[in-house]
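Here is a set of short exercises to work through with the structure open beside you. Try each task before reading its solution.

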Amino acid sequence: MEWMTLPLKRYFDFAGRSRRKEFWMWVLGVVIVTIVLSLIDTMLGLGGRSAVDTTVTPDGLNYSASAWTSGGWLTNLFALAILIPNLAVGVRRLHDTGRSGWWIVLPMPFYLVGLVAAVMAMFGGAGAMAGLFGIVMFAMPLGFLCALVLLVFFCLEGTRGPNRYGPDPKASEAAPADGQALN
């Protein structure tokens with residue numbers, strides 16, 4: 001649990017380095033909390049939705065199943081509350097690999113161009129929609145590719161020893177909060 005909550009303790013800390021364990025345990029914790037909050041939103045009628053779909057063959061055997069949830073008020077408030085720690089731990093993770101934290105904004109321009117073009121197409125009529133649709137079809141995949149680049153960076157091992165962003169977080173296995181070694 002210590003690794004999952006460490007980014008909350010370093011809420012506005014964009015300096016230094018975060019090792020893979022801290023980053024991915026944070027991601028796991030966020031996914032778990034988001035799923036639980038989505039289910040609570042659904043049960044309380046706060047705007048969330050959940051569904052489980054199964055497909056049954058004529059002989060009665062299930063051959064596919066899927067489940068999904070979408071968040072309501074609680075899930076969206078949680079996402080807003082962890083926006084800064086998400087960015088901070090991502091920047092620190094990039095620092096651990098020796099890269100600038102500015103890499104974290106790499107996909108954003110493409111997503112923003114795609115979003116603006118999609119909104120303009122909705123209000124611009126059929127002629128504008130055709131031209132802007134091409135922009136959306138170009139910008140969104142580029143944003144996705146940039147996000148994949150970030151994913152690769154987040155998966156890479158950090159640089160050994162100190163780098164320009166600080167000392168190696170693996171060199172000291174002690175947790176900043178209590179000074180005990182974490183496994």
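**Exercise 1. A charged partner**

With which residue does arginine 92 form a salt bridge?

*Solution.* Keep in mind that this is a predicted model.

Step 1. Select arginine 92 in helix α4 and look for a carboxyl oxygen within 4 Å of its side-chain nitrogens, the cut-off for a salt bridge. The partner is glutamate 22, with the closest N and O atoms 3.0 Å apart.

Step 2. Place both residues in the chain. Arginine 92 belongs to helix α4 and glutamate 22 to helix α2, so the pair ties together parts that are 70 residues apart in sequence.

Step 3. Check the exposure. Arginine 92 and glutamate 22 are both buried; for arginine 92 the relative accessible area is 0%.

**Exercise 2. From a pair to a network**

Which residues are linked with Arg92 in a network of salt bridges?

*Solution.*

Step 1. Start from arginine 10. Its salt bridge with aspartate 13 has its closest N and O atoms 3.1 Å apart.

Step 2. Combine this with the pair from the exercise above: the network consists of Arg10, Asp13, Glu22 and Arg92.

Step 3. Compare burial, using under 20% relative accessible area as the limit for buried. Arginine 10 has 18%, so arginine 10 counts as buried. Aspartate 13 has 27% and is therefore partly exposed.

Step 4. Look at what else surrounds arginine 92. A polar atom of its side chain lies 3.5 Å from the backbone oxygen of arginine 10. Leaving aside neighbours within four places in sequence, the contacts of arginine 92 include Pro7, Phe14, Ala15, Gly16, Arg17 and Ser18.

**Exercise 3. A salt bridge inside one helix**

How many residues apart are aspartate 96 and arginine 93, and in which helix do they lie?

*Solution.*

Step 1. Find the two in helix α4: they are 3 residues apart, about one turn of the helix.

Step 2. Recall the geometry. An α-helix has 3.6 residues a turn, so residues three or four places apart point the same way.

Step 3. Check the side chains. Aspartate 96 and arginine 93 meet in a salt bridge, at 2.6 Å from N to O, and both residues are buried.

Step 4. Put this in context: the count for the structure comes to 8 salt bridges.

**Exercise 4. The nonpolar core**

Which residues have the most contacts inside the largest nonpolar core?

*Solution.*

Step 1. Begin with the general rule. In soluble globular proteins, nonpolar side chains tend to be buried together.

Step 2. Here the largest nonpolar core has 13 residues, and Leu94 and Phe154 have the most contacts inside it.

Step 3. Trace the contributors. Two or more residues come from each of α2 (20-44), α4 (83-96) and α5, and α2 gives the most, with 4 residues.

Step 4. Zoom in on phenylalanine 154. Not counting residues up to four places away in sequence, it touches Arg20, Phe23, Trp24, Gly90, Arg93, Leu94 and Ile104.

Step 5. Now turn to helix α1 (residues 2-9), where Glu2, Trp3, Met4, Leu6 and Pro7 are buried. The cover over these buried residues includes α2 and α4.

**Exercise 5. Buried or exposed?**

Is aspartate 41 buried or exposed?

*Solution.*

Step 1. Find aspartate 41 in helix α2. Its relative accessible area is 0%, so aspartate 41 is buried.

Step 2. Look for a polar partner. The side chain of aspartate 41 makes a polar contact with the side chain of threonine 75, at 2.7 Å.

Step 3. Check the backbone too. The C-alpha atoms of aspartate 41 and glycine 72 are separated by 5.4 Å, and these residues are 31 residues apart along the chain.

**Exercise 6. The outside**

Which residues make the nonpolar surface patch of about 920 Å²?

*Solution.*

Step 1. Colour the surface by residue type. The patch is made by Trp102, Val105, Met108, Leu112, Leu115, Val119, Met122 and Phe123.

Step 2. Take one member, valine 119, in helix α5 (residues 108-155). With a relative accessible area of 37%, valine 119 is partly exposed.

Step 3. Zoom out. The chain exposes about 11,200 Å², of which carbon and sulfur atoms supply 73%. Of its 183 residues, 31% count as buried.

**Exercise 7. The whole chain**

What pattern does the chain follow along the sequence?

*Solution.*

Step 1. Count the elements: there are 5 helices and 2 strands.

Step 2. Read them in order to get α-α-β-β-α-α-α.

Note on methods
Residues numbered from 1 in each chain as written. Predicted model: local features only at pLDDT ≥ 70, side-chain atom pairs only at ≥ 80, totals over all residues. Heavy atoms only, no water. Patch = residues over 30% accessible without salt bridge, like charges linked within 9 Å, V, L, I, M, F, W, Y side chains within 5 Å. Areas by Shrake-Rupley, 256 points an atom, 1.4 Å probe, with all protein chains shown as cover. Buried < 20%, exposed > 50% of the residue type's maximum accessible area, 1.4 Å probe, protein only. Core = buried A, V, L, I, M, F, W, Y, C linked by side-chain atoms within 4.5 Å. Contact = heavy atoms within 4.5 Å. Polar contact = N/O pair within 3.5 Å; in protein donor to acceptor, adjacent residues only side chain to side chain.
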